[in-house]
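Me: I'd like to go through this one with you and ask how each label is earned. Can you put the structure up first?

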Amino acid sequence: LTHPPVRTSEEAAQVRGTPLEQGAKALVFQADGRHILLVLQAHRRVDSRAFKRTFGVKDLRMVSPHDLKTLTGLEVGAVPPFGHLLNLPTYADERLLTLPCISFNAGSRSTSVVMSPQDYARLEQPTIGRFGTGED
């Protein structure tokens, strides 16, 4: 889908005509000194404690917008959920993969993709865990 540029998950859901919960939010973090990609439903936040406990990580922090641009060449809000394209290990929240479809920005704030979570998991092969927090 091509649409006007969006800055938030809420704006993206609105222009796509999809529920916010079906948005796949991709966030770059630093975990014990290495960069990783976390993917979860757009209405959820990362539960740092749950992620660290599940994956044995001691230090977890989101990268700054400047570091994101330097590392990936992308702006906040444009990161696709495919870490392998960015040479980043990908971790997906298990609830994202139970949806009928997911939607996400594809390297641009004005380009989105809608696909089945099964196809996403097959293509990306993320490490699966439960680290998103927020209402079901």
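Me: What pattern does the protein follow along the sequence?

Reply: Reading along the sequence, you get α-β-β-β-α-β-α-β-β-β-α-β-β. That comes to four helices and nine strands, where helices (H or I, at least four residues) and strands (E, at least two) are DSSP runs numbered from the N terminus. Keep in mind that this is a predicted model: local features need pLDDT of at least 70, side-chain atom pairs count only at pLDDT 80 or more, and totals for chains, interfaces and linings use all residues. Residues are numbered from 1 along each chain as its sequence is written, and side-chain values use heavy atoms, with hydrogens and water left out.

Me: Why is the protein called as compact as a globular protein of its length?

Reply: The radius of gyration, taken over C-alpha atoms, is set against the globule rule, 2.2 Å times the number of residues to the power 0.38. For 136 residues the rule gives 14 Å and the protein's radius of gyration is 14 Å, so it is as compact as a globular protein of that length. Along its principal axes, the C-alpha trace spans about 40 × 30 × 25 Å.

Me: What makes Ile102 buried or exposed?

Reply: Buried means under 20% relative accessible area, exposed over 50%, and partly exposed in between (1.4 Å probe, protein chains only). Ile102 has 0% relative accessibility, so it counts as buried. Ile102 sits in strand E6, and its contacts (heavy atoms within 4.5 Å) beyond four places in sequence include Gln22, Ala24, Leu96 and Tyr120. Ile102 and Glu21 are 81 residues apart in sequence, yet their C-alpha atoms are 8.5 Å apart.

Me: And how do you know whether Ala24 is buried or exposed?

Reply: The relative accessible area of Ala24 is 8%, so it is buried. Ala24 belongs to strand E1 and touches Val39, Leu40 and Phe104, among others further than four places away. Across the protein, buried residues make up 46% of the 136.

Me: What makes a set of residues a nonpolar core?

Reply: The members must be buried Ala, Val, Leu, Ile, Met, Phe, Trp, Tyr or Cys residues, joined through side-chain atoms within 4.5 Å. The largest such core here has 20 residues, and those with the most contacts inside it are Val28, Leu37, Val39, Val79, Ile102 and Tyr120. Strand E1 (24–31), strand E2 (34–41) and strand E6 (102–105) are the elements giving it two or more residues, with E1 supplying the largest share, three residues. Apart from it lies another core, of 12 residues, among them Leu27, Phe29, Leu40 and Phe131.

Me: Why does Asn87 count as buried or exposed?

Reply: Asn87 has 72% relative accessibility, so it counts as exposed. Asn87 is in the loop between helix H3 (65–72) and strand E5 (90–93). Its phi is near 60°, a positive value in a residue other than glycine.

Me: What about Gln125, buried or exposed?

Reply: Gln125 is at 64% relative accessibility, so it counts as exposed. Its loop runs between helix H4 (117–124) and strand E8 (127–129). Gln125 has a positive phi of about 55° although it is not a glycine.
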